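Welcome to the tour! Open your viewer, switch on the cartoon view, and get ready to select residues one stop at a time.

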Amino acid sequence: MTLYEEWRDLIENQTDATFQEFWTEYSGAETKIYSDLLDRPGEITSGTLGELAAKYEVRPVIFMGFLDGINDSLRKANDFEHFDESSSLELDIDLEKLYYNMLDADADYLYGLPQWDDLLTEEKRKEITKAYKKSKTVVKGEKIGRNDPCPCGSGKKYKKCCGR
């Protein structure tokens with residue numbers, strides 16, 4: 001079983017009894033890792049998965065969960081599904097995309113980290129937050145009248161075609 005499969009298995013098999021302990025471990029590890037990475041903006045973190053897990057003092061499966069979460073925020077995404085502890089990786093983070101993805105994950109404990117004050121201006125963070133909120137707004141399409149031409153392109157009236 002790969003580390004990614006272990007990670008998926010770990011999160012899918014949480015019960016009410018085990019979730020709090022898991023979440024405390026995972027969110028604590030995630031906060032610690034992100035704090036360190038954000039303290040060194042622009043620096044590409046690299047090494048093997050096992051080395052980086054040891055550096056941040058987390059279990060490799062928990063580090064895999066972190067990688068699963070940050071993958072969309074990297075300039076070059078990785079195929080973590082086949083990684084093991086000896087797999088090499090590079091973390092070249094796009095900070096604006098990371099902030100956006102933290103908003104999307106509703107991870108206030110991460111997008112509220114004090115390091116963001118030095119990395120993105122308050123104006124930029126508001127702009128990213130506005131773009132995030134706008135992406136979640138559903139805009140209703142234009143209503144098609146009964147006697148309007150059918151949008152499928154048949155040439156018939158809507159009421160005689162797709163509106164039936």
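Where is Ser73 found? Select Ser73 and you will land in the loop between helix H4 (60–70) and strand S2 (88–91). Keep in mind throughout the tour that this is a predicted model.

**Stop 1: a loop residue under cover**

Is Ser73 buried or exposed? Ser73 is buried, because its relative accessible area is 0%, and the cut-off for buried is under 20%. To see some of what surrounds Ser73, show Asp92, Ile93, Asp94, Lys97, Leu98 and Asn101 as sticks: Ser73 touches each of these, leaving out residues up to four places away in sequence.

**Stop 2: helix H4**

Now step back along the chain and select helix H4, residues 60–70. How many of the 11 residues of H4 are buried? Eight of them are, so H4 is largely enclosed by the rest of the structure. Colour the buried ones to pick them out: Val61, Ile62, Phe63, Met64, Gly65, Phe66, Leu67 and Ile70.

What covers these buried residues of H4? The cover includes H1, helix H2 (16–39), helix H3 (49–55), S2 and helix H5 (95–104). Try showing these elements in turn around H4.

While you are here, select Asp68, which also belongs to helix H4. Asp68 is partly exposed, because its relative accessible area is 27%. Its contacts, leaving aside neighbours within four places in sequence, are Tyr4, Trp7, Arg8 and Phe80. Draw a distance between the C-alpha atoms of Asp68 and Arg8: they are 9.7 Å apart in space, although 60 residues separate them in sequence.

**Stop 3: a patch of negative charge**

Next, turn on the surface and select Glu5, Glu6, Asp9, Glu12, Asp79, Glu81, Asp84 and Glu85. Together these residues form a negative surface patch. Pick Glu12 from the group: Glu12 lies in helix H1 (residues 3–12). Glu12 counts as exposed because its relative accessibility is 56%, and the cut-off for exposed is over 50%.

**Stop 4: pairs of opposite charge**

Side chains of opposite charge can pair when their charged atoms come close. How many salt bridges does the count come to here? The count comes to 11, and we will visit some of them.

Select Glu96 and Lys124, whose side chains meet in a salt bridge with an N to O distance of 3.5 Å. This pair links distant parts of the chain, with Glu96 in helix H5 and Lys124 in helix H8 (residues 122–135), 28 residues apart. Glu96 counts as partly exposed because its relative accessibility is 36%, and Lys124 is partly exposed too, with a relative accessible area of 23%.

Stay on Lys124 and add Glu127. The side chains of Glu127 and Lys124 also meet in a salt bridge, at 3.1 Å from N to O. Both residues lie in helix H8, three residues apart, which is about one turn of the helix. Glu127 counts as partly exposed, at 45% relative accessibility. For a group that shares partners, select Asp36, Arg40 and Glu43: salt bridges join these three into one network.

Then move on to Lys136 and Asp104, whose side chains form a salt bridge of 3.4 Å, N to O. Lys136 sits in the segment after H8 and Asp104 in helix H5, so the pair ties together parts that are 32 residues apart in sequence. Asp104 is partly exposed, with a relative accessible area of 40%.

**Stop 5: two positive phi angles**

Most residues other than glycine have a negative phi. With that in mind, select Glu57, in the loop between H3 and H4. Glu57 is not a glycine, yet its phi is positive, near 55°. Is Glu57 buried or exposed? Glu57 is exposed, because its relative accessible area is 65%.

Finish at Asp106, in the loop between H5 and helix H6 (108–111). What is the phi of Asp106? Asp106 has a positive phi of about 55° although it is not a glycine. Asp106 is exposed as well, with a relative accessible area of 59%.

Notes: Residues numbered from 1 in each chain as written. Predicted model: local features only at pLDDT ≥ 70, side-chain atom pairs only at ≥ 80, totals over all residues. Heavy atoms only, no water. Patch = residues over 30% accessible without salt bridge, like charges linked within 9 Å, V, L, I, M, F, W, Y side chains within 5 Å. Areas by Shrake-Rupley, 256 points an atom, 1.4 Å probe, with all protein chains shown as cover. Salt bridge = Lys/Arg side-chain N within 4 Å of Asp/Glu carboxyl O. Lys, Arg positive; Asp, Glu negative; His and termini not counted. Charge placed at Lys NZ, Arg CZ, Asp CG, Glu CD. Helix = DSSP H or I, 4+ residues; strand = E, 2+ residues; numbered from the N terminus. Buried < 20%, exposed > 50% of the residue type's maximum accessible area, 1.4 Å probe, protein only. Contact = heavy atoms within 4.5 Å.
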